Amino acid sequence: MGAFHVIHISDTHLRRDPSWFLPNFRAVLRLISGLQPDLVINTGDISFDGAELEDDLAFARTCHAGLDVPFRAFPGNHDVGDNPMMLHTR
């Protein structure tokens with residue numbers, strides 16, 4: 001069996017407007033495309049304020065759809081808030 005290559009990214013903080021971090025993310029997409037790993041993992045703060053703005057999460061998902069390799073994400077506090085249990089009381 002050959003090697004399994006994973007790229008780990010984090011803290012992408014994606015938002016539609018203003019899109020401060022989008023140029024960095026696009027540069028990362030180009031690097032990932034050139035390396036063609038078996039898997040990309042984003043370990044949190046995928047969105048800028050997904051805990052409050054659903055569009056931030058939707059936009060981050062759209063941006064990650066640009067990856068041409070398998071992708072998995074784990075939410076961070078910018079994605080679900082500092083207390084994810086509070087989601088059940090809203």
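This is a chat about helix packing, the nonpolar core and some backbone details in a predicted model.

Trainee: Before we start, what should I keep in mind about this model?
Mentor: It's predicted, so local features need pLDDT of at least 70 and side-chain atom pairs count only at pLDDT 80 or more, while totals for chains, interfaces and linings use all residues. Residues are numbered from 1 along each chain as its sequence is written, and side-chain values use heavy atoms, with hydrogens and water left out.

Trainee: OK, helices. At what angle do H1 and H2 pack?
Mentor: About 25°, with the axes of H1 (residues 22-35) and H2 (residues 54-64) 11 Å apart. That makes the two roughly parallel, a label for angles under 35 degrees. The axes are lines fitted to C-alpha atoms over the stretch in contact, and angles run from 0 to 180 degrees between N-to-C directions. Helices here are DSSP runs of H or I with at least four residues, and strands are E runs of at least two, numbered from the N terminus.

Trainee: And which residues make that contact?
Mentor: H1 brings Leu22, Phe25 and Leu29, and H2 brings Phe59, Cys63 and His64. Contact means heavy atoms within 4.5 Å.

Trainee: How many of those are nonpolar, polar or charged?
Mentor: Five are nonpolar, one is polar and none is charged. In this scheme Ala, Val, Leu, Ile, Met, Phe, Trp, Tyr, Cys and Pro are nonpolar, Asp, Glu, Lys and Arg are charged, and the others, Gly among them, are polar.

Trainee: Switching to the core: how many residues are in the largest nonpolar one?
Mentor: 14, and those with the most contacts inside it are Leu14, Phe25, Ile32, Val40 and Cys63. A core is a set of buried Ala, Val, Leu, Ile, Met, Phe, Trp, Tyr and Cys residues joined through side-chain atoms within 4.5 Å; buried is under 20% relative accessible area, exposed over 50%, partly exposed in between (1.4 Å probe, protein chains only).

Trainee: Which element gives the most to it?
Mentor: H1, with four residues. Strand S1 (6-9), H1 and H2 each supply at least two.

Trainee: What does Val40 touch?
Mentor: Setting aside neighbours within four places in sequence, Val40 contacts Ile7, Ile9, Ile32, Leu67, Val69, Pro70, Phe71 and Arg72.

Trainee: Now backbone oddities. Is the Asp17 to Pro18 peptide bond cis or trans?
Mentor: Cis, with omega near -5°. Pro18 sits in the loop between S1 and H1.

Trainee: And where is Asp11?
Mentor: In the loop between S1 and H1. Asp11 isn't a glycine, yet its phi is positive, about 55°. At 41% relative accessibility, Asp11 counts as partly exposed.

Technical notes
Parallel < 35°, antiparallel > 145°, perpendicular 65-115°, else oblique.
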